[in-house]
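Good morning, and thank you for coming. I would like to take you through a structure that is new to this group, one part at a time.

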Amino acid sequence: MKTPLLAALGFLLLAGPAHAAAADAAASEAETRIKLVIDSFQSAIIKKDKAALSALFLPANNSWIAVPTEQTYRVVHAKHPKARRFMPGSYTGFADFIAASPGRMEEKFSNVKIETDGAVASVYFDFAFLANGRRQNRGSEAWQLINTGSGWKINALVYSIDVDPAQVK
């Protein structure tokens, strides 16, 4: 009775490292593909490519939320007492805004962190949003992505927004 149990245990102990190595390779491959999504997002903004930007998102059942930082919310709320604490939006609205903007638009990312198991992923980073080379706002941003089988798509995007108080009208 001990022999089959020991054999099974031995197999599991030997297979464990191989499985872990395969999982690490799959996660590394997924992370590489997710980095391409990040690069494509930034590039589409610079090129004002509405179609390319929109193609990075699931076409339905997704969310887009902006949340002002405490400092920004205090300034906005002082001038607009009915201002909401968060602002829902959509990737289509953002894509339209980028495509229609007259000047150069760019979003720079730093401190990018990617977590994935190969099926789902989260990306978290700090950003600075620039118009004609001048920072308009900054904050932190988080994406949830899914592997559709034919590429990674952004399912949800949430970001904090911090603006210079002088910009609040």
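I shall speak about the sheet, then the core, then the largest pocket, and finally two loop residues.

Please keep in mind throughout that this is a predicted model.

Let me begin with the sheet. Six strands make up an open sheet, and their order across it is 2-1-6-5-4-3, with mixed pairing. At the edges lie strand 2, residues 87-88, and strand 3, residues 105-116, each of which pairs on one side only. As general background, strands of a sheet pair through backbone hydrogen bonds, in either the parallel or the antiparallel sense.

In which sense do strand 1 and strand 6 pair? Strand 1, residues 63-68, and strand 6, residues 152-161, pair in the parallel sense, over six bridges. To find this pair on the screen, look for S63, which stands opposite A156 in strand 6.

Moving on to strand 3 and strand 4, we find antiparallel pairing over ten bridges. Two positions may help you to follow this pair. I114 has V123 in strand 4 as its bridge partner, and E106 stands opposite L130, also in strand 4. The two strands form a hairpin with three residues between them, and in the turn G118 has a positive phi of about 95°.

Strand 4 also joins strand 5, through twelve bridges, and these two strands run antiparallel. Here the bridge partner of V120 is I146 in strand 5. This hairpin has two residues between its strands, and N132 takes a positive phi near 55° in it.

I turn now to the core. In soluble globular proteins, nonpolar side chains tend to be buried together. In this model, the largest nonpolar core has 34 residues, and F41, L53, W143 and I154 are those with the most contacts inside it. Which elements each supply at least two residues of this core? They are helix 1 (2-47), strand 1, helix 4 (91-100), strand 3, strand 4 (120-131), strand 5 (134-147) and strand 6. The largest share, seven residues, comes from helix 1.

Let us look at one member of that core, L53, in more detail. L53 lies in helix 2, which spans residues 50-54. Is L53 buried or exposed? Its relative accessible area is 1%, and the limit for a buried residue is under 20%, so L53 counts as buried. Setting aside neighbours within four places in sequence, L53 is in contact with F41, A44, I45, F94, A95 and I98. One of these partners, F41, was named a moment ago among the residues with the most contacts inside the core. There is also a backbone distance to note: the C-alpha atoms of L53 and T92 are separated by 8.7 Å, although the two residues are 39 residues apart along the chain.

Next comes the largest pocket. It holds about 590 Å³ of space. There are 28 residues lining this pocket, and the closest to its centre are M87, N137, Y159, I161 and V163. The elements that each supply at least two lining residues are strand 1, helix 3 (70-79), strand 2, helix 4, strand 3, strand 4, strand 5 and strand 6. How many of the lining residues are nonpolar, polar and charged? The division is 19 nonpolar, six polar and three charged.

N137 deserves a closer look. N137 is found in strand 5. With a relative accessible area of 13%, against a limit of under 20%, N137 counts as buried. Not counting residues up to four places away in sequence, N137 touches F127, A128, F129, I161, D162 and V163. Of these, I161 and V163 were also listed with N137 as closest to the centre of the pocket.

Finally, I would like to point out two loop residues. K48, in the loop between helix 1 and helix 2, has a positive phi of about 55° although it is not a glycine. At 23% relative accessibility, K48 counts as partly exposed. N61, in the loop between helix 2 and strand 1, is another residue other than glycine with a positive phi, here near 60°. Its relative accessibility is 75%, and exposed means over 50%, so N61 counts as exposed.

That concludes my presentation, and I thank you for your attention.

Conventions
Residues numbered from 1 in each chain as written. Predicted model: local features only at pLDDT ≥ 70, side-chain atom pairs only at ≥ 80, totals over all residues. Heavy atoms only, no water. Helix = DSSP H or I, 4+ residues; strand = E, 2+ residues; numbered from the N terminus. Buried < 20%, exposed > 50% of the residue type's maximum accessible area, 1.4 Å probe, protein only. Contact = heavy atoms within 4.5 Å. Pairing = 2+ DSSP bridges. Core = buried A, V, L, I, M, F, W, Y, C linked by side-chain atoms within 4.5 Å. 1 Å grid on protein atoms, 1.4 Å probe; cavity = no way out; pocket = protein on both sides within 12 Å on 5 of 7 lines; lining within 4 Å. Points joined across faces, edges and corners; volume = space filled by probe spheres on them. Nonpolar A, V, L, I, M, F, W, Y, C, P; charged D, E, K, R; others polar.
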